[in-house]
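Subject: Structure for you to look at

Dear colleague,

I am handing over the structure we spoke about, and below it you will find my notes on what turned up when I went through it. Please read them with the structure open beside you.

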Amino acid sequence: MITKLFTPKNLRNLIIIMVVVGVLVLAFSGYLTPVFSFSVSPLISAQSWLSQRYLAFSDFFNSPRDMATLRVENAKLQNEVALLQSEIVALQENLAQSDILYTLLDFARTNPEHEYVAATVVGREISPYLQYIIIDKGSNDGLRHGMPVVTQQGLVGRIDALISDAARIQLITDANSTVNVKLQTAGVEGLVRGSVTGEITLDMVPVDTEVQIGDILMTSGLGGTYPPNIFVGQVLTMQSKQNVLFQTGSVQPVVDFSNLSAVLVITNFDSVDISPLVP
Amino acid sequence: MWSYLIGFAAFLLTTMLQMSIFSQWKILSGSADIILLFIVAWCLHDRNKRLWLLVLIMAAFAGTISALPAYIPLIVYFIVYRVSRLFQARLMQSPLLGMLVLTFGASLLQIVLNIAYLFVIRVDLNFTDALVEVAFPSILLNMLLAIPVYVVVREIALYAFPKGVEA
């Protein structure tokens, strides 16, 4: 029985199976990796060389047609990108405008003592010596000469001239503008003047008053030009000279006048024109 | 008639560009006045006898928009008009030189009138700031933009005056 089992044929098969199983075990356990890599790498190199040559050959014949197709597709995609970019820009503009309007709305809600008309800034003064803006609301929207103009940040100016659908606003930075203010901490009143360069200065502060840098300026309501308690700016520097009655200082306005895009006009405030009483 | 319409339409476009864009392009506190540059360039191109009528309309328009009194643009634009007539007669071979000289002169005149107006209405004016921060940068910007505006106006003038314009 055993002699039948170990015939030369079976013995040969058994040895082959054992060798195969042994090689597989060695391969799976990683002992044959150097052998494989040594023997396979020439094959891979040859395959790579052949593949590259084929691709080069294939490109040589197919590329003109593909290039034309790609160019068309590229042009289409570029058009789509341009279209989407313009849509993104338009949406971003709408979003920015909405943000501004929401902020203005919040301001109007938190200051219910006034009635407001929102307007968009559509232009600026031609002369570099004057600081004015043009808005897209006029007498048809209930605006009148002298009405104060604000943003959510603070005081902007007042209506200087208007037509049916537009109005010109004199900014508080204009050289001919003066705003009566009170200093919140110091508790005294002063005058904020504009200038030809668009900077604003604090004036008429009594020389014996101690003014802190950063003190907040709000409209005092004196003079009847602006309603009281609207933010104007913060004191940046103060200087007082000898033998003068008042000290002066520079002011950082709370409103960024270079980026004004929307404003609120206070429509229920009647400014008082005291110019006939000024000597 | 055609030239008046084109001239006034171009003037309106220039005014819109000035109010929306160029008034915000600043060096220090000075800005360019492309309305003035347009009028200088247009006056150098237009040989029409009734150009003064268009200049009058433009001045009235600019005077209405601006917070400056209307007589300031009126004076400046009419002086530009008169001097451009002299230049057309005597500096025909070098209109670009005429453009630069007129731009400089008109800018200077406009600044002098602006400062004079502020002085008259008793604005507390710092002359050093008015010159260094506003006047000089404005003149510089006007001079820089003079040639581009001249070139654009020349292209427009080709449509307005088909018989030919100055080179």
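Which residue in strand 2 of chain A is the bridge partner of A:Gly123? It is A:Ile134, and since this is a predicted model, please take that pairing, like everything else below, as computed from the model.

**The first barrel of chain A**

That bridge belongs to the pairing of strand 1 with strand 2 of chain A, which is antiparallel and runs over 3 bridges. Both strands are part of a closed barrel of 6 strands in chain A, in the order 1-2-5-4-3-12 and with antiparallel pairing. On average, and with direction ignored, neighbouring strands of this sheet are turned by 45° against each other. Going on from strand 2 of chain A, one comes to strand 5 (residues 167-171) of chain A, with which strand 2 pairs in the antiparallel sense over 4 bridges; here A:Ile133 has A:Ile169 as its bridge partner. On the other side, strand 1 of chain A pairs with strand 12 (residues 262-266) of chain A, again in the antiparallel sense, over 5 bridges, and the bridge partner of A:Ala118 in strand 12 is A:Leu264.

**The second barrel and the domains of chain A**

Chain A also holds a closed barrel of 6 strands that runs 6-7-8-11-10-9, with antiparallel pairing, and in this sheet neighbouring strands are turned by 40° against each other on average, direction ignored. Within it, strand 10 (residues 231-239) and strand 11 (residues 246-253) of chain A run antiparallel and are joined by 6 bridges, with A:Val251 in strand 11 as the bridge partner of A:Val235. As for the chain overall, chain A is divided into domain 1 (8-80) and domain 2 (112-270), and the C-alpha centres of these two domains lie 77 Å apart.

**Where the chains meet**

In the contact between the chains, 19 residues of chain A face 27 residues of chain B. On the side of chain A, the elements that give two or more residues are strand 1 (116-124) and strand 2 (132-135), and by class that side has 8 nonpolar, 6 polar and 5 charged residues.

**Helix packing in chain B**

Two helix pairs in chain B may be worth your time. Helix 2 (residues 34-45) and helix 6 (residues 127-160) of chain B pack at an angle of about 50°, with their axes 9 Å apart, and because of that angle helix 2 of chain B counts as oblique to helix 6 of chain B. Their crossing is right-handed, and the contact has 11 nonpolar, 2 polar and 1 charged residues. Among the residues that meet there are B:Leu37, B:Phe38 and B:Trp42 in helix 2 of chain B, and B:Leu145, B:Val149 and B:Arg154 in helix 6 of chain B.

The axes of helix 3 (residues 51-65) and helix 4 (residues 71-90) of chain B come within 9 Å and cross at roughly 155°, which means that helix 3 of chain B is roughly antiparallel to helix 4 of chain B. Helix 3 of chain B passes helix 4 of chain B in a right-handed crossing, and the contact is made by residues including B:Trp52, B:Val55 and B:Met58 of helix 3 and B:Tyr77, B:Phe78 and B:Tyr81 of helix 4 of chain B. The residues of this contact divide into 11 nonpolar, 1 polar and no charged.

With best wishes

How values were computed: Residues numbered from 1 in each chain as written. Chains lettered and ligands numbered in written order. Predicted model: local features only at pLDDT ≥ 70, side-chain atom pairs only at ≥ 80, totals over all residues. Pairing = 2+ DSSP bridges. Axes fitted to C-alpha atoms, helices over the stretch in contact; angles between N-to-C directions. Domains from an automatic or database assignment. Parallel < 35°, antiparallel > 145°, perpendicular 65-115°, else oblique. Left-handed = near helix turned anticlockwise from the far one by under 90°. Contact = placed C-beta atoms within 7 Å. Nonpolar A, V, L, I, M, F, W, Y, C, P; charged D, E, K, R; others polar.
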